[in-house]
Amino acid sequence: KVTFTVGAEHKRFEHVPKNILCVRREYFDRMFRTGMAEGAGGAAAAGGAAGGAAGGGEAEVDMPDTDPEAFQCLLDYIVTDEVSFGGAGATAEEARRAFLTMQLARKHGVVRLELLCLQALEGELLSPASAVPLLEGACAAGDGAGGDGGAPGDGGRLFSACREYRVAEGHAVAEAGGLEALRELPVAR
């Protein structure tokens with residue numbers, strides 16, 4: 001078993017079975033089987049204060065640059081092979097969680113989860129309230145104009161979908177306050 005401490009607030013995900021992570025994801029298999037500090041007890045093996053596997057405790061992996069809700073979605077997907085973000089009428093917060101999950105899936109090479117997030121973001125999660133924040137996120141993540149149209153996420157699919165939505169639903173986006181936020185974005189300049 002392993003414990004992950006995630007995000008700036010160090011949310012703990014305790015007693016996660018390593019065997020499920022290793023069987024389902026090559027990234028975690030390499031992490032725990034190739035001599036990385038996390039596989040031998042995390043912080044303890046690296047000279048930290050936390051108890052590690054070598055001392056009889058669980059390995060502890062610190063992931064300070066990861067969103068806890070996105071990490072929970074990743075873990076849920078690894079175990080169940082399913083993901084849900086609330087469907088039609090979803091909030092901008094659910095769109096944010098889907099976007100962060102998509103980025104985390106890309107980082108860990110979980111291509112199907114990345115595609116499921118992208119489909120949700122292009123579909124039911126795209127709303128007047130979420131269009132501009134998603135446009136900004138896609139641009140900041142390097143998914144903006146200028147992509148090569150190749151693999152998921154790198155060709156600007158989300159950027160294009162948000163831009164098209166903003167044009168088609170301009171009045172609704174304006175009512176949601178999105179146009180004011182859009183003026184501040186570097187991509188708008």
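**Entry 1. Strand β1 and its partners**

I began with strand β1 and found that five bridges join it to strand β3 (residues 59-63), the two running parallel. The model I am reading is a predicted one. Within this pairing I looked up Thr 5 and noted Asp 62 as its bridge partner in β3.

I then turned to strand β2 (residues 11-16), which is joined to β1 by four bridges and runs antiparallel to it. Thr 5 has a bridge partner in β2 as well, namely Arg 12. I recorded that β1 and β2 form a hairpin, with four residues between them. In the turn, Gly 7 has a positive phi of about 80°.

**Entry 2. Burial of β1**

Is strand β1 buried or exposed? I find that five of the five residues of β1 (residues 2-6) are buried, so the strand is largely enclosed by the rest of the structure. I next separated the faces, because in a regular strand the side chains alternate between the two faces of the sheet. Val 2, Phe 4 and Val 6 lie on one side of β1, and Thr 3 and Thr 5 on the other. Both faces are covered, and I list each of these residues as buried.

**Entry 3. Aromatic pairs**

I counted the aromatic pairs and obtained five. Phe 4 and Phe 28 form one that is edge-to-face, with 6.0 Å centre to centre and 75° between the planes. Phe 4 belongs to strand β1 and Phe 28 to helix α2 (residues 26-33), so this pair ties together parts that are 24 residues apart in sequence. I noted both Phe 4 and Phe 28 as buried.

Phe 28 also pairs with Phe 32, and I recorded this pair as stacked, at 6.4 Å centre to centre and 15° between the planes. Both residues lie in helix α2, four residues apart, which is about one turn of the helix. For relative accessible area I entered 0% for Phe 28 and 11% for Phe 32. Since buried means under 20% relative accessible area, I class Phe 28 as buried, and Phe 32 as buried too.

Which residues form the aromatic cluster? I list Phe 4, Phe 13, Tyr 27, Phe 28, Phe 32 and Phe 71 as one cluster.

**Entry 4. Helices α3 and α4**

I looked up the packing of helix α3 (residues 68-80) with helix α4 (residues 92-107). Their axes come within 8 Å and cross at roughly 65°. I noted the crossing of α3 and α4 as right-handed.

Which residues meet here? On the α3 side I list Glu 69, Ala 70, Phe 71, Cys 73 and Leu 74. On the α4 side I list Glu 93, Arg 97, Leu 100, Thr 101 and Leu 104. I sorted the residues of this contact into six nonpolar, one polar and three charged. Phe 71, in this contact on the α3 side, is also a member of the aromatic cluster of Entry 3.

**Entry 5. Leu 134**

I finished with Leu 134, which is found in helix α6 (residues 131-140). Leu 134 is buried, its relative accessible area being 4%. What is Leu 134 in contact with, leaving aside its neighbours within four places in sequence? I list Ala 95, Phe 99, Leu 121, Leu 125, Leu 126, Leu 158 and Cys 162.

I also looked up Leu 134 against Ala 92: the two are 42 residues apart in sequence and 9.1 Å apart in space, C-alpha to C-alpha.

Technical notes:
Residues are numbered from 1 along each chain as its sequence is written. This is a predicted model: local features need pLDDT of at least 70, side-chain atom pairs count only at pLDDT 80 or more; totals for chains, interfaces and linings use all residues. Side-chain values use heavy atoms; hydrogens and water are left out. Axes are lines fitted to C-alpha atoms, for helices over the stretch in contact, and angles run from 0 to 180 degrees between N-to-C directions. A crossing is left-handed if the near helix is turned anticlockwise from the far one by less than a right angle, and right-handed if clockwise. Contact means heavy atoms within 4.5 Å. Ala, Val, Leu, Ile, Met, Phe, Trp, Tyr, Cys and Pro count as nonpolar, Asp, Glu, Lys and Arg as charged, and the others, Gly among them, as polar. Buried means under 20% relative accessible area, exposed over 50%, partly exposed in between (1.4 Å probe, protein chains only). Two strands pair if DSSP finds at least two bridges between them. Rings of Phe, Tyr and Trp (its six-membered ring) pair if their centres lie within 6.5 Å; planes under 30 degrees apart count as stacked, over 60 as edge-to-face and the rest as tilted.
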